[in-house]
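Trainee: Could you take me through one part of this model in detail? I would like a close look at the cavity and at what lies around it.

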Amino acid sequence: MQRVTRDVLVQKAISLLSAGTVDRVLGWKAGEFSYDVTPYVFKDAEALKADFVFDDFCGANFSKYLVKECGKSEGKVLVFLKPCDTYSFNQLLTEHRFDREKVYAVGIPCDGMADITKIREKAEGISEITAEGDGFCVKTLYDGDVKLTKEEALAERCLNCKSQKHVAYDELLGEEGEVIDSGRFTGVEALEAMTPDERFAFWKGELSRCIRCNACRDVCPACTCEKCVFDNPKSGVENKAIADSFEEKMFHIIRAFHVAGRCTDCGECSRVCPQNIPLHLLNRKFIKDINGFYGDYQAGEEAYSRAPLVNYTTEDIEPADAVKKGDGENA
Amino acid sequence: MSMNEFKPKIVAFCCNWCSYAGADLAGNNRLSYPADVKIIRVPCSCRVNPMFILRAFQKGADGVIICGCHPGDCHYTSGNYYTRRRMALLFSMLDYLGIERERTRLEWVSAAEGAKFSQTMNEFVEAVTALGENKRLEDLRCKE
Ligand code: SF4
Ligand code: SF4
Ligand code: SF4
């Protein structure tokens, strides 16, 4: 269950539409199944009443949709933003990717979103999922009803939520939360503690499953390039041609590097990866290194802040020392 | 190729204003460095996109070194400061993926440092020779 209900959001949307503040609403709509909620642009109250959805499966971060949606009409678009989404919102503003004047942002509290992959691990043949108390009741084809606590179904990014605080909005529904320390770097630290051989084996196991669907890039609010390097057939990694270690690493290193310093750790890439590759472990390595080398920096916390890779000091750490510090040798 | 005669292929990105001139000076002074170091001249060390480095490994390099003007001496004022940040993060990431950290290096070599250029290259080649062939970032499609 979420603290704000669907009806409250629908009411808000309808009142903003009828007041003329906005002329369309970026929201969630049911997909083929109850759990694959899908982003949708609503244009009138009827559609909102009939199809608007807000439940534990509304993980999609709407910030990136603003890039394309903003230019589509003269009026403003209403967007609902969870705390983590507001960081991406700020980061996109920083990069001048959409027109702030064309958006009306409503911050909504979030109690953590469920990840269908987690539920699938525990319940096979899902036919229906309903919220029950503080968890879920999953009807399955083979095992009858499976009960899950919310924690068991929570998305990875929500288990490691970095903030319950909205950093950008025009209006806030509910109470403001706080920035939290959820120990999101423990996964990175565990890898750093391994030997290079173990790390290589770990990443080979993970990255070799990549089918190069590009979903991680397509969903990422930091990946809004109109021409992406990976669409170039000459990149050699535009599709998965051969399973060698280079091709896998090239894509993943470059994708993560392109968003280094700009990735807000919104968690969308890991959420959408059909192969469950822990992409956050790459992104967070960069975030952790940036914090360690150049001082704490949270992308998106403040709009128009200067990202660490377009900045420098004359006293920056040398790469050779950085590598040592990176694995905690002389941290 | 047997291991005894393994000669690493090294790609050295050298900035036009300092390190490339440093390499020139090394040549003029008849200071030697291994012939397997292939120099690629770039306008500034900052021109080296991380993709270039991975691409070099893909095409068969066993080690990649980037040389630029000393901090504070960049012909374009601040290019090498950005290089320093990028490479710190990139090298650390390569290490995180289990790729030998000795295969990549960043060095500051001025136009007056012919001796440093030759010494740096000799040391780097030695370190990469000890590691052997680049296996962890090779692209089988690019093998002869
Ligand atoms: S890389 Fe992943 S976590 Fe980072 S901004 Fe993009 S989608 Fe979000
Ligand atoms: S991977 Fe790089 S080039 Fe492609 S969209 Fe992301 S940032 Fe742009
Ligand atoms: S979403 Fe997953 S499988 Fe698809 S390209 Fe990204 S890492 Fe690979």
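Mentor: Happy to; here is a walk from the cavity out to the domains, the ligands and the partner chain.

Please keep in mind that this is a predicted model. A search for enclosed spaces of 30 Å³ or more gives 3 cavities. The largest cavity has a volume of about 110 Å³, and 17 residues line it. Closest to its centre are A:Cys220, A:Pro221, A:Ala222, A:Cys263 and A:Thr264. By residue class, the lining of this largest cavity divides into 8 nonpolar, 5 polar and 4 charged residues.

Now for where that lining comes from. Two helices of chain A, H4 (83-94) and H12 (268-272), each supply at least two residues of it. H4(A) gives the most, with 3 residues. At the level of domains, the lining of the largest cavity draws at least three residues from each of domain 1 (6-114 + 161-172) and domain 3 (186-330) of chain A.

That makes the domain layout worth a look. Chain A is divided into domain 1 (6-114 + 161-172), domain 2 (116-153) and domain 3 (186-330). The C-alpha centres of domain 1 and domain 3 of chain A lie 27 Å apart. Between these two domains of chain A, 18 residues of domain 1 are in contact with 23 residues of domain 3. Together, domain 1 and domain 3 of chain A bury about 1600 Å², with 50% of that area on carbon and sulfur atoms.

Next, the ligands. Ligand 2 has around it A:Arg217, A:Cys223, A:Cys225, A:Cys228, A:Val229, A:Phe230 and A:His258. This shell around ligand 2 splits into 5 nonpolar residues, 1 polar and 1 charged. Ligand 3 has 14 residues around it, and A:Cys210, A:Cys213, A:Asn214, A:Cys216 and A:Cys273 come nearest. Helix H10 (215-219) and helix H11 (245-258) of chain A each supply at least two residues of the shell around ligand 3. The residues of that shell around ligand 3 comprise 10 nonpolar, 3 polar and 1 charged.

Finally, let us step out to the other chain. The contact between the chains takes 51 residues from chain A and 35 residues from chain B. Chain A and chain B bury about 3900 Å² between them, and 66% of this is on carbon and sulfur atoms. On the chain B side, B:Arg85, B:Leu89 and B:Tyr96 supply 23% of the area that chain B buries against chain A, more than any other three residues.

To return to your cavity: the view to keep open is the one around A:Cys220, A:Pro221, A:Ala222, A:Cys263 and A:Thr264, the residues closest to its centre, with domain 1 and domain 3 of chain A each giving at least three residues to the lining.

How values were computed: Residues numbered from 1 in each chain as written. Chains lettered and ligands numbered in written order. Predicted model: local features only at pLDDT ≥ 70, side-chain atom pairs only at ≥ 80, totals over all residues. Heavy atoms only, no water. Near = heavy atom within 4 Å. Nonpolar A, V, L, I, M, F, W, Y, C, P; charged D, E, K, R; others polar. 1 Å grid on protein atoms, 1.4 Å probe; cavity = no way out; pocket = protein on both sides within 12 Å on 5 of 7 lines; lining within 4 Å. Points joined across faces, edges and corners; volume = space filled by probe spheres on them. Helix = DSSP H or I, 4+ residues; strand = E, 2+ residues; numbered from the N terminus. Domains from an automatic or database assignment. Contact = heavy atoms within 4.5 Å. Buried area = accessible area lost by both parts, 1.4 Å probe.
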